[in-house]
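Trainee: I would like a close look at one part of this model, namely the charged side chains and the aromatic rings around one helix. Please take me through it slowly.

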Amino acid sequence: LILRMAICETTNSLLPVSDIPWSEIQKWLPNRGWRSLMQRWYIHLLPQLTAYEDKYGVPIEPEVFVRHMLRRLKKSSATNPKALAWAHVNTWWSADMNRRKWRALSSRVPVELMDASFRERVGYWYQALRCREHKKRDKKMLKCALSTVERKAQEQDHEGHHEAVTPLNQG
């Protein structure tokens, strides 16, 4: 809870997926190292918080974000997933979440593609998930997507429930 508060207050974002100033976050939790805080956020907390809704509050299925990632991978000239800047592939998720999702997809290709290149695997999943057919709908959904956490915060702001929080060592 304190880690999440520190991140929200320091970044002015309820769900930052990159560019978090870990040395500032560490001031809130002085007994923890910045690496352990970073791992806790990216591996344990952030994946649980990344649920998104459309403008009507209807959950957006995770496949929309997977297809978005695949479209970006298909457009890229990358030939090696290890050299890819995963934070820029799908900015709705963290680099680690994008990388993990790709690894899961990449390991679930048909037997005849087990020795296929990165580009061939991207092409397979692009076709299998029908990325082209869903492009227009996905784009509309992503245009007005808001994290569930952000939507709840907006509702509370409208009700007047927002209170400022300060780091532990500042009072």
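Mentor: What follows goes through salt bridges, then a charged patch, then aromatic rings, and ends with two places elsewhere in the chain.

Keep in mind that this is a predicted model.

Start with the salt bridges. A search of the whole structure finds 7 of them. One joins Arg 137 to Glu 61, with the closest N and O atoms 2.9 Å apart. Arg 137 belongs to helix α8, which covers residues 131–143, while Glu 61 sits in the loop between β1 (52–53) and α4 (62–75), so this pair ties together parts that are 76 residues apart in sequence. How exposed are the two partners? Arg 137 has a relative accessibility of 38% and counts as partly exposed. Glu 61 is also partly exposed, with a relative accessible area of 26%. To place these values, recall that buried means under 20% and exposed means over 50%, with partly exposed in between.

Arg 137 has another partner, Asp 138. In that salt bridge the closest N and O atoms are 3.6 Å apart. This distance still counts because the cut-off for a salt bridge is 4 Å. Asp 138 is buried, at 0% relative accessibility, whereas Arg 137 is partly exposed. These contacts belong to a wider arrangement: Glu 61, Arg 67, Arg 71, Arg 137 and Asp 138 are linked in a network of salt bridges.

A salt bridge can also sit inside one helix. Asp 96 and Arg 100 form such a pair, and their closest N and O atoms are 2.6 Å apart. Both residues lie in helix α6 (residues 95–106), where they are 4 residues apart, about one turn of the helix. Asp 96 is buried, at 17% relative accessible area. Arg 100 is partly exposed, at 44%.

Next, look at charges that are grouped on the surface. Lys 55, Arg 72, Lys 74, Lys 75, Arg 132, Lys 135, Lys 139 and Lys 143 form a positive surface patch. Which helices supply at least two residues each of this positive patch? They are α4 and α8. The largest share, 4 residues, comes from α8. Arg 72, one of the patch members, lies in helix α4. Its relative accessible area is 37%, so Arg 72 is partly exposed. That value is enough for a patch because patch residues need over 30% relative accessible area and no salt bridge.

Helix α4 also takes part in the aromatic contacts. A pair of aromatic rings is described by the distance of the centres and the angle of the planes. The whole structure contains 7 aromatic pairs, according to the search. In the pair of Tyr 52 and Phe 65, the ring centres are 4.9 Å apart and the planes meet at 40 degrees, so the pair is tilted. This pair links distant parts of the chain, with Tyr 52 in strand β1 and Phe 65 in helix α4, 13 residues apart. Tyr 52 is buried, at 6% relative accessibility. Phe 65 is buried too, at 2%.

Phe 65 also pairs with Trp 93. Here the ring centres are 6.1 Å apart and the planes are at 35 degrees, so this pair is tilted as well. The pair again links distant parts of the chain: Phe 65 is in helix α4, Trp 93 is in the loop between α5 (86–89) and α6, and they are 28 residues apart. Both Phe 65 and Trp 93 are buried. Tyr 52, Phe 65, Trp 92 and Trp 93 form one aromatic cluster.

Two other places can be set beside this picture. Arg 121 is in helix α7 (residues 118–128). With a relative accessible area of 12%, Arg 121 is buried. From Arg 121 to Leu 1 the C-alpha to C-alpha distance is 39 Å, and the two are 120 residues apart in sequence. Asn 31 is in the loop between α2 (22–28) and α3 (34–49). Asn 31 is exposed, at 78% relative accessible area. Between Asn 31 and Arg 119 there are 44 Å in space, C-alpha to C-alpha, and the pair is 88 residues apart in sequence.

How values were computed:
Residues numbered from 1 in each chain as written. Predicted model: local features only at pLDDT ≥ 70, side-chain atom pairs only at ≥ 80, totals over all residues. Heavy atoms only, no water. Salt bridge = Lys/Arg side-chain N within 4 Å of Asp/Glu carboxyl O. Buried < 20%, exposed > 50% of the residue type's maximum accessible area, 1.4 Å probe, protein only. Patch = residues over 30% accessible without salt bridge, like charges linked within 9 Å, V, L, I, M, F, W, Y side chains within 5 Å. Areas by Shrake-Rupley, 256 points an atom, 1.4 Å probe, with all protein chains shown as cover. Lys, Arg positive; Asp, Glu negative; His and termini not counted. Charge placed at Lys NZ, Arg CZ, Asp CG, Glu CD. Phe/Tyr/Trp six-rings, centres within 6.5 Å; stacked < 30°, edge-to-face > 60°.
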